[in-house]
Amino acid sequence: MSDTLAALLLGILEGLTEFLPVSSTGHLLIAQHWLGARSDLFNIVIQAGAILAITLVFRERLWSLATGLRERENRLYLAKIGAAFLVTALVGLPVRLLGWELPETVSPVAIALILGGIWILFAERIAAGRPPSTRVTWTVAILVGLAQVLAGIFPGTSRSGAAIFMAMLAGTGQRSAATEFVFLVGIPTMFAASGYAVLEYFIKGSGGAAGGEAWGELGLAFVAASATGFIAVRWLMGYIKQHSYAPFAFYRIALGAALLLWLPAGG
């Protein structure tokens, strides 16, 4: 397979899996096992493509919030997005600096996939027994922020998955409301994380390797991640209005088991 086609497939995979509760890390781990590992810069850039996608999907909602600051409800909602982001930043940065993160190798990712699938089924069961609520409380905002930190420590957990089901358990029981809040929190979170990763990349001296980067392949992967991410998020927001997240849970459990069985543990 050509490097160009491999870059395209990795971009598509990142876009499809970044915001679905299935773990983009787990899928990229599998893909790069056969397609070849890519540079940290490549992974950062395709994640930026996913951020662009979700920003475009929620552009009308973001505009409505930005232009509706006179309304108390909008101000409170934005404040809760800010609170979730600040919790992630204030707790997550020290955690990252201390190196509290499991390696992105098969065993921890596979176990996180399986446990995350069980977590989804548990959250769906609990939420089904409560009246559906669209209310995002301060408690929900803080717990969403902490869930994002947890996802950073355990690769394979899925940032969106951990946060969505934390929100559902904490009181925002309606799937679409919990998902929208988590996705909106994800915009500043992922922009900040990608920006920090770029700075870290160049500060550590890896920037010299950027001269050997295949920029055409990088650009193609970025566009692919943006396009497929846009489609995936639009589809998901429609899907969850009528369906539960349970199929994603079963998929995660099956994928985690497959990783443990068929890929070498150190891969």
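This section describes helix geometry, buried cores and selected residues in a predicted model.

Helix H5, residues 72-97, has 26 residues, and its first and last C-alpha atoms lie 37 Å apart, close to the 38 Å expected at 1.5 Å a residue. The residues of H5 that are buried are Asn74, Tyr77, Lys80, Ile81, Ala83, Ala84, Val87, Thr88, Gly92 and Val95. These buried residues pack against H4, helix H7 (138-153) and helix H9 (175-203). Just after H5, Gly99 adopts a positive phi of about 75 degrees.

The axis of H5 comes within 8 Å of that of helix H4 (residues 59-67), and the two cross at roughly 115 degrees. The crossing of H4 and H5 is left-handed. On the H4 side the contact is made by Arg61, Ser64 and Leu65, and on the H5 side by Asn74, Tyr77 and Leu78. Sorted by class, the contact of H4 with H5 contains 3 nonpolar, 2 polar and 1 charged residues. Two of its H5 members, Asn74 and Tyr77, are also listed among the buried residues of that helix.

Helix H6 spans residues 106-128. The end C-alpha atoms of H6 are 33 Å apart, in agreement with the 33 Å that its 23 residues should span at 1.5 Å a residue. Buried positions in H6 are Val106, Pro108, Val109, Ala110, Ala112, Leu113, Gly116, Gly117, Ile120, Ala123, Glu124 and Ala127. The packing partners of these buried residues are H2, H8, H9 and H11. Glu124 has a relative accessible area of 8% and is therefore buried, the cut-off being under 20%. Beyond residues up to four places away in sequence, Glu124 touches Phe165, Met168, Arg175, Ser244, Tyr245 and Ala246.

The largest nonpolar core has 45 residues, of which Phe58, Val144, Phe181, Phe183 and Tyr245 touch the most other members. Two or more residues each are given to this core by helix H3 (40-57), H5, H6, H7, helix H8 (159-170), H9, helix H10 (215-239) and helix H11 (246-262). H9 supplies the largest share, 8 residues. A second, separate core comprises 13 residues, including Leu28, Phe42, Ile46 and Tyr201. With residues up to four places away in sequence left out, Phe58 touches Glu180, Phe183, Leu184, Val233 and Met237. Phe183, one of these contacts of Phe58, is itself among the core residues that touch the most other members. Tyr245 also belongs to that group and is in contact with Glu124 of H6.

Thr189 is found in helix H9. At a relative accessibility of 9%, Thr189 counts as buried. Its contacts, leaving aside neighbours within four places in sequence, are Phe85, Thr88 and Gln148. Of these, Thr88 is one of the buried residues of H5.

Gly238 is placed in helix H10. With a relative accessible area of 38%, Gly238 is partly exposed. The C-alpha atoms of Gly238 and Ser176 are separated by 8.6 Å, although the two residues are 62 residues apart along the chain.

Two loops contain serines with unusual backbone angles. Most residues other than glycine have a negative phi. Ser23, which is not a glycine, has a positive phi of about 80 degrees. Ser23 is found in the loop between helix H1 (3-17) and helix H2 (24-35), and is buried at a relative accessible area of 3%. Ser158 likewise has a positive phi, near 85 degrees. Ser158 lies in the loop between H7 and H8, and its relative accessibility of 7% places it among buried residues.

Leu20 is found in the loop between H1 and H2, the loop that also holds Ser23. Leu20 counts as buried at 14% relative accessibility. Not counting residues up to four places away in sequence, Leu20 touches Ser158, Ser160, Ala232, Trp235, Leu236 and Phe248. The contact with Ser158 involves a residue of the loop between H7 and H8. The C-alpha atoms of Leu20 and Arg234 are separated by 11 Å, with their positions 214 residues apart along the chain counted as their distance apart.

Key
Residues numbered from 1 in each chain as written. Predicted model: local features only at pLDDT ≥ 70, side-chain atom pairs only at ≥ 80, totals over all residues. Heavy atoms only, no water. Axes fitted to C-alpha atoms, helices over the stretch in contact; angles between N-to-C directions. Helix = DSSP H or I, 4+ residues; strand = E, 2+ residues; numbered from the N terminus. Left-handed = near helix turned anticlockwise from the far one by under 90°. Contact = heavy atoms within 4.5 Å. Nonpolar A, V, L, I, M, F, W, Y, C, P; charged D, E, K, R; others polar. Expected span 1.5 Å × (residues − 1). Buried < 20%, exposed > 50% of the residue type's maximum accessible area, 1.4 Å probe, protein only. Core = buried A, V, L, I, M, F, W, Y, C linked by side-chain atoms within 4.5 Å.
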